[in-house]
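Student: Hey, can you walk me through this one? I've never looked at it before.

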Amino acid sequence: MINLTTIDHVVFRVTDMERMIGWYSQVLRARVERELPDIGLVQLRAGASLIDLIPRDSGETGESPNVDHVCFGVLPWDGEAILAHLESHGITGLQVASRYGAQGHGPSIYLTDPEGNGVELKGPPWPPQRSNAGHPD
């Protein structure tokens with residue numbers, strides 16, 4: 001089933017990116033870990049978790065809430081069993097996708113709670129890819 005283990009990351013929609021980066025880095029001592037300029041995303045490390053900052057006007061609507069979504073780490077991860085469990089509760093049309101979280105890229109499922117709050121369920125990072133460099137096929 002689903003076993004929530006951590007809060008992997010939280011995504012805030014912001015109007016003043018530089019001010020928010022300054023506040024989280026100077027006041028709370030989080031450090032910028034990753035930036036995706038094409039979508040305006042800045043990710044700050046907060047211990048074992050991430051704080052994601054994204055422009056308020058990005059996404060599907062301009063009237064987005066301050067909190068875009070909260071991501072929960074799930075262990076053990078069995079994507080098919082999780083989807084089946086959610087479907088048994090009437091939550092359908094979901095899929096597993098690879099997304100970046102506090103531990104790196106790994107499986108993820110986006111859904112919403114009954115009041116429309118964004119929730120992400122995140123599995124562990126994918127295993128490292130072995131390189132075959134220098135080895136004959």
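Student: Is β3 mostly covered or mostly open?

Tutor: Mostly covered: five of the six residues in β3 are buried. Keep in mind that this is a predicted model.

Student: Okay, how does β2 run relative to β3, parallel or antiparallel?

Tutor: Antiparallel, with five bridges joining β3 to strand β2, residues 31-36. One pairing to look for is Leu36, whose bridge partner in β3 is Leu41.

Student: And what's in the turn of that hairpin?

Tutor: Four residues sit between β2 and β3, and Gly40 in the turn has a positive phi of about 80 degrees.

Student: What about β3 and β4, how many bridges there?

Tutor: Five bridges join β3 to β4, and these strands run antiparallel. Gln43, for instance, stands opposite Asp52 in β4. The hairpin of β3 and β4 has two residues between the strands, and Gly47 takes a positive phi near 65 degrees there.

Student: Switching topic: which residues make up the largest nonpolar core?

Tutor: There are nine: Val14, Met17, Ile21, Tyr24, Ala30, Val42, Leu44, Ile51 and Leu53. The elements giving two or more residues to this core are α1 (17-27), β3 (41-46) and β4 (49-55). Of these, α1 gives the most, with three residues.

Student: Is there some general pattern behind that?

Tutor: Yes, in soluble globular proteins, nonpolar side chains tend to be buried together.

Student: What does Met17 touch?

Tutor: Leaving out residues up to four places away in sequence, Met17 touches Gly40, Val42, Leu53, Ile54 and Pro55. Gly40 is the turn residue with the positive phi from before.

Student: Which residues belong to the other core, the one lying apart?

Tutor: That other core has eight residues, among them Val74, Ile82, Leu86 and Ile109.

Student: Now the surface. Which residues make the nonpolar patch?

Tutor: Trp23, Val27 and Leu28 make a nonpolar surface patch of about 300 Å². Val27 is found in helix α1.

Student: Why does Val27 count as partly exposed?

Tutor: Because its relative accessible area is 49%, and partly exposed covers the range between the buried limit of 20% and the exposed limit of 50%.

Student: Last one: where is Asp78?

Tutor: Asp78 is in the loop between β5 (67-74) and α2 (79-88). Asp78 is partly exposed too, with a relative accessible area of 43%.

Student: And how far is the C-alpha of Asp78 from that of Pro107?

Tutor: Those two C-alpha atoms are separated by 9.5 Å, while Asp78 and Pro107 are 29 residues apart along the chain.

Key:
Residues numbered from 1 in each chain as written. Predicted model: local features only at pLDDT ≥ 70, side-chain atom pairs only at ≥ 80, totals over all residues. Heavy atoms only, no water. Buried < 20%, exposed > 50% of the residue type's maximum accessible area, 1.4 Å probe, protein only. Core = buried A, V, L, I, M, F, W, Y, C linked by side-chain atoms within 4.5 Å. Contact = heavy atoms within 4.5 Å. Pairing = 2+ DSSP bridges. Patch = residues over 30% accessible without salt bridge, like charges linked within 9 Å, V, L, I, M, F, W, Y side chains within 5 Å. Areas by Shrake-Rupley, 256 points an atom, 1.4 Å probe, with all protein chains shown as cover. Salt bridge = Lys/Arg side-chain N within 4 Å of Asp/Glu carboxyl O.
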